[in-house]
Amino acid sequence: MSSETGKFGEYGGQYVPEALMPAIEELEDAYERYVLNNEDGFMDDFRERLADFGGRPTPLQHAKRLSDRYDCDVYLKREDLLHGGAHKLNNALGQVLLAKYMGKERIIAETGAGQHGTATAMACAHLGMPCEVYMGRRDINRQRPNVFRMRLNGAEVNPVTVGRGTLKEAISETMRDWATNVEDTHYVIGSVVGPHPFPAMVRDFQRVISEEAREQIREKAGQLPDSVVTCAGGGSNTMGVFAEFVDDEDVGLYAVEAGGSSLEVNEEEGVAPNSATLSTGTEGVLHGSRTRVLQDRDGQIMESHSVSAGLDYAGVGPELADLTDRGRVTAVNVDDDRALEGFHRLSQLEGVIPALESAHAVAYVEAHHDELGDVVLLNVSGRGDKDLETVLEETHNRDIENAPDIDTFAATGGFQ
Amino acid sequence: MSRISAAFEDGPAFIPYLAAGDPNYEASLSYVEALERGGADVIELGLPFSEPIAEGPTIQSAIVRSLEGGMTPTRFFEFVEDLDVDVPLVCMTYYNLIYQFGDDEERGPEAFVRRAAEVGIDGFVVPDLPAEEADPLREACDAHDCELIFIVAPTTKGERLERIMSQVSGYVYVQARLGTTGARTDLSDQTDASLERIAEWDVPKAVGFGISSGDHAQRVIEAGADGVIVGSALVDIVAQGVERGDPPVTVANRLESKARELKEGALRGAPSDEQPHPERT
Ligand SMILES: Cc1ncc(COP(=O)(O)O)c(C=O)c1O
């Protein structure tokens, strides 16, 4: 990639209203000075806070029982143990700190699963910045614990009711706020999406995942992984855990998308019952960059679907789209039922309750461990506490083979 | 001289906006025609996109109504063909629809502009396409004698102004204040500052975002603008009609008289021949 042009092959760019362009140029400048050139010791400050406030480095755990089951060595990168319970803090802390260095006075963010909103709210409380988070009405309903956490950290949560009320609508709404208040406000975008410099900058804040994992797996396994497997929504944990392995051509990189209930799309309804953008999307322009998107033939953006709110997005990061086109990244997908199965598998075999997003990656390893080589690095992008209600309901409604007897649990209120 | 430039020849231009197909195809045709009767000099027609990030709630709702009524780019071009108006037409849309337009043989700006020119579109405003990314569309516009209109925001300064000046044609869309579209009752001094920054530009200046009355229109022209662009205040009339279940002809009449009020306001703001306006000499 070239940070000068903001292009990844044909993807990337800056497709935003004119009112935002000066802010984006200002951000480009700040990204180059503080992040790339460590001006005023910004990156040192960032790393120190990631350690002391965030709890980095996160462990790389050899997953003994998964390894026995799959007959290969599975290592879990435990981003679920990062403060806040997901990889999102790496980016949120980086951006809020950068906004502070830039002299901005107000932070806005969008959130899907609520993890990014939570991470941004925490970073703002930590750094003393006012914070407003836009969240789709539907996502508010399915991720209530995170809504409460944001409030506890002093953030305002603004419900977005247009469309289906998910991440896509929340991003549009946050862009509108930004266009109105651009002079003193920074928009902390939650993934490697949006106009340049966001995709590159967010990747650089998330890169710490693979910097650590690369060292850790060398130490523990005595080699680089044969494959790295992680979930992809917008693609921030994905690019974070891939970044330092991209040049290691022998390391397979697997981006696991949400297959939802089906890969077929309903063009008539404008609905894709999945969020598998890399696998089924086409080139388009959404939320500030040219990338792969779920759209109909006219270019109207489709409503996406996933059982996990954090993957439920019709776009994907431009760099990930480019790496996939070039064959460096393999885009795969897992449907809702398999993801729930992966959720229960990791909970039962390792005592790690993963986010439903991360459960997609677990499910992919479950089904394809034969093809992944001897040493598999599985990124657990977040923990599942936020998803417990959803899992209770969804497991109850479906036939998930390895689920505990949740029907009795649900019926008796726990007195089984 | 292009049809759009000609529209600025005889005093201040009134440029209304409506989302094509809001709330349905037939009614919308009559609404656009009513704007011309009310005195429109150029009409901006919205081709609705599902993620209108530069739009406020009023126009966003219009876009939702239009999309739900089955509006597509193909239908939009039929709509323009079916329209019975003589004033120049500007298509306002988002880049993804332009980028995707066409069939498996040919997609993108060239196919889009060719078709638009064929049905009688004279220019384009694409709010999510900054000058940096506009070359492909610019080339297509040049090839088909269409204008490419750019927005100058209150935040646009320095080098960005130069870049836009070198790209813009037809008129420059001066964004009256920060934010998204939407009718307001106040008018910001950001307008004056923005107009001042581009005073030397050799292209008509039309001010939009937030103008909702004849008095506003008058003040904008008095401040030195060559035209006023009005969207949300007109879309509001359509929305009210939908809400109250009014017959389309009633709504069309209201649009026509609102248009007349705005046009007359703009005319009042124009310097009279005897007394040249100080800021325009
Ligand atoms: C735990 C977790 N993993 C993954 C994601 C998907 O985002 P990304 O693809 O940007 O990492 C989210 C988004 O909210 C998340 O909360």
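# A chat about chains A and B

Visitor: How far apart do the C-alpha centres of domain 1 and domain 2 of chain A lie?
Guide: Keep in mind that we're looking at a predicted model. The assignment cuts chain A into domain 1 (7–53 + 88–198) and domain 2 (60–84 + 209–397). Take the C-alpha centre of domain 1 of chain A and that of domain 2 of chain A, and the separation is 22 Å.

Visitor: And how many residues does each of those domains put into the contact?
Guide: Here contact means heavy atoms within 4.5 Å. On that basis domain 2 of chain A brings 43 residues, and domain 1 of chain A brings 40 residues.

Visitor: What radius of gyration does chain A have?
Guide: Start with the make-up: chain A holds 17 helices and 14 strands. Its C-alpha atoms fill a box of roughly 55 × 50 × 45 Å along the principal axes. For 416 residues, a compact globule would come in near 22 Å, and chain A agrees with that, at 20 Å.

Visitor: What percentage of chain A counts as buried?
Guide: The cut-off for buried is under 20% relative accessible area. The accessible surface of chain A is about 14200 Å², with 43% of that belonging to carbon and sulfur atoms. Out of the 416 residues of chain A, the buried share is 66%.

Visitor: How far apart are the centres of the positive and negative side chains of chain A?
Guide: Chain A carries 72 negative side chains and 38 positive ones. Put a centre on each set, and the gap between the two is 3 Å.

Visitor: Which peptide bonds in chain A are cis?
Guide: Most peptide bonds are trans. One cis bond leads into Pro57(A), in the loop between helix H2 (42–52) and strand E3 (60–62) of chain A, with omega about -5 degrees. Another leads into Pro197(A), in the loop between strand E8 (185–188) and helix H9 (198–206) of chain A, with omega about 10 degrees. So the pairs joined this way include Arg56(A)–Pro57(A) and His196(A)–Pro197(A).

Visitor: Is His287(A) buried or exposed?
Guide: His287(A) sits in the loop between strand E11 (282–286) and strand E12 (289–293) of chain A. Most residues other than glycine have a negative phi, but phi of His287(A) is near 50 degrees, a positive value. Its relative accessible area is 4%, so His287(A) is buried.

Visitor: Which residues does Ile353(A) touch, leaving out those up to four places away in sequence?
Guide: Ile353(A) is in the loop between helix H14 (336–350) and helix H15 (356–368) of chain A. With a relative accessible area of 41%, Ile353(A) is partly exposed. Its C-alpha is 8.9 Å from that of Gly382(A), 29 residues away in sequence. The residues Ile353(A) touches are Phe343(A), Ser347(A), Arg383(A), Gly384(A) and Leu388(A).

Visitor: Over to chain B: what radius of gyration does the globule rule give for its 281 residues?
Guide: Chain B has 12 helices and nine strands. Its own radius of gyration is 18 Å, close to the rule's value, so chain B is as compact as a globular protein of that length; the rule gives 19 Å. As for its extent, the C-alpha trace of chain B spans about 55 × 45 × 30 Å along the principal axes.

Visitor: Among contacts in chain B between residues at least 6 apart in sequence, what percentage join residues at least 24 apart?
Guide: In chain B, 62% of the 281 residues count as buried. For those contacts, the share joining residues at least 24 apart is 72%.

Visitor: Is Asp145(B) buried or exposed?
Guide: Look in the loop between helix H7 (135–143) and strand E5 (147–149) of chain B for Asp145(B). Phi of Asp145(B) is positive, near 55 degrees, and this residue isn't a glycine. The cut-off for exposed is over 50%; with 73% relative accessibility, Asp145(B) is exposed.

Visitor: How far is the C-alpha of Gly224(B) from that of Val207(B)?
Guide: Gly224(B) lies in the loop between helix H10 (214–222) and strand E9 (227–230) of chain B. Its relative accessible area is 18%, so Gly224(B) counts as buried. Gly224(B) and Val207(B) are 17 residues apart along the chain, and their C-alpha atoms are separated by 9.7 Å.

How values were computed:
Residues numbered from 1 in each chain as written. Chains lettered and ligands numbered in written order. Predicted model: local features only at pLDDT ≥ 70, side-chain atom pairs only at ≥ 80, totals over all residues. Heavy atoms only, no water. Helix = DSSP H or I, 4+ residues; strand = E, 2+ residues; numbered from the N terminus. Rg over C-alpha atoms; globule rule 2.2 N^0.38 Å. Buried < 20%, exposed > 50% of the residue type's maximum accessible area, 1.4 Å probe, protein only. Domains from an automatic or database assignment. Areas by Shrake-Rupley, 256 points an atom, 1.4 Å probe, with all protein chains shown as cover. Lys, Arg positive; Asp, Glu negative; His and termini not counted. Charge placed at Lys NZ, Arg CZ, Asp CG, Glu CD.
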